[in-house]
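Please open the model in the viewer and keep the sequence panel visible. The tour below proceeds one selection at a time.

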Amino acid sequence: MGAVLSVVVAVAVPLGAGFGIGLAIKDDVKGWYKTLKKPDWNPPDWLFGPVWSALYTAMGIASWDVWRKGGGFVPLSLYAVQLAMNLAWSPLFFKKHEIGFALADITALLGVLSATIVSFHQVSPTAAYLLVPYFGWSLFATGLTLSIYKKNPKHRGTLNHEEGPLKEGIDKTVEAAIVTADKTIELSSAAADKTKEAASKAKDAVPKLDLGGTSDPAAKEA
């Protein structure tokens, strides 16, 4: 398979699947979703399409980069699992109206996606970095799902428990996952800053060459 065709296929898989699911849930977004109580920071509906299109494209390119570099079974398997969990969220939330299960799905997705990023980084740091915006948006989506879950006790689907240990357990699990994900981003940012600092010091330590001739001062005097 040629390079161009292979990257097109890699991008088309998540992008095409996401587009298909988007069409399937269109009526629910315009109908049932409008009836839910949402936080003030809920993005406008039109924003989700462009954001996910960009993220799916980056996701596909990342998977292609790992594949072409011989990433092997583990990273690509993790990628497939997280993609399946990603695609499952919309039908659970919008079609089945199972906000509780959608919340559990996206919370678990954060963990699998974190493992995918780590696994990708071992093969291609570039591929891992391409997934960072996706992780950030998934973290945001988890917080949004949690907020909607709390604000709509009558729309939680099978997990429609206004009180009780099940609800408390879900809330605590998801909130803990969000804190963990926030810490992961913070540590990743700190690591990135240290890497940039080290690279800058290494660059300064390299002798500068005289592009106009020789870098040997004695030769210049001669």
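**Helices in turn**

Select residues 127-149: this span is 100% helix and 0% strand, and its end C-alpha atoms are 33 Å apart. The model is a predicted one, in which local features need pLDDT of at least 70, side-chain atom pairs count only at pLDDT 80 or more, and totals for chains, interfaces and linings use all residues. Numbering starts from 1 along each chain as its sequence is written, and side-chain values use heavy atoms, with hydrogens and water left out.

Next, select residues 76-94, which are 100% helix and 0% strand, with end C-alpha atoms 28 Å apart. The unreviewed UniProt entry places "transmembrane region" features at 76-94 and 127-149, among others; such annotations may be inferred rather than shown by experiment.

Now display helix α4 (residues 73-95) with helix α6 (residues 125-151); helices are DSSP runs of H or I, at least four residues, numbered from the N terminus. Their axes come within 13 Å and cross at roughly 30°. That makes α4 roughly parallel to α6 (angles under 35 degrees count as such, and those over 145 as roughly antiparallel). Axes are lines fitted to C-alpha atoms, for helices over the stretch in contact, and angles run from 0 to 180 degrees between N-to-C directions.

Show the side chains of Q82, N86, W89 and F93 of α4 and Y134, T145 and I148 of α6, which make the contact (heavy atoms within 4.5 Å).

Finally, add helix α5 (residues 99-123), whose axis comes within 8 Å of that of α4, crossing at roughly 160°. That makes α4 roughly antiparallel to α5.

Definitions and conventions:
Helices (H or I, at least four residues) and strands (E, at least two) are DSSP runs, numbered from the N terminus. Angles under 35 degrees count as roughly parallel, over 145 as roughly antiparallel, 65 to 115 as roughly perpendicular and the rest as oblique.
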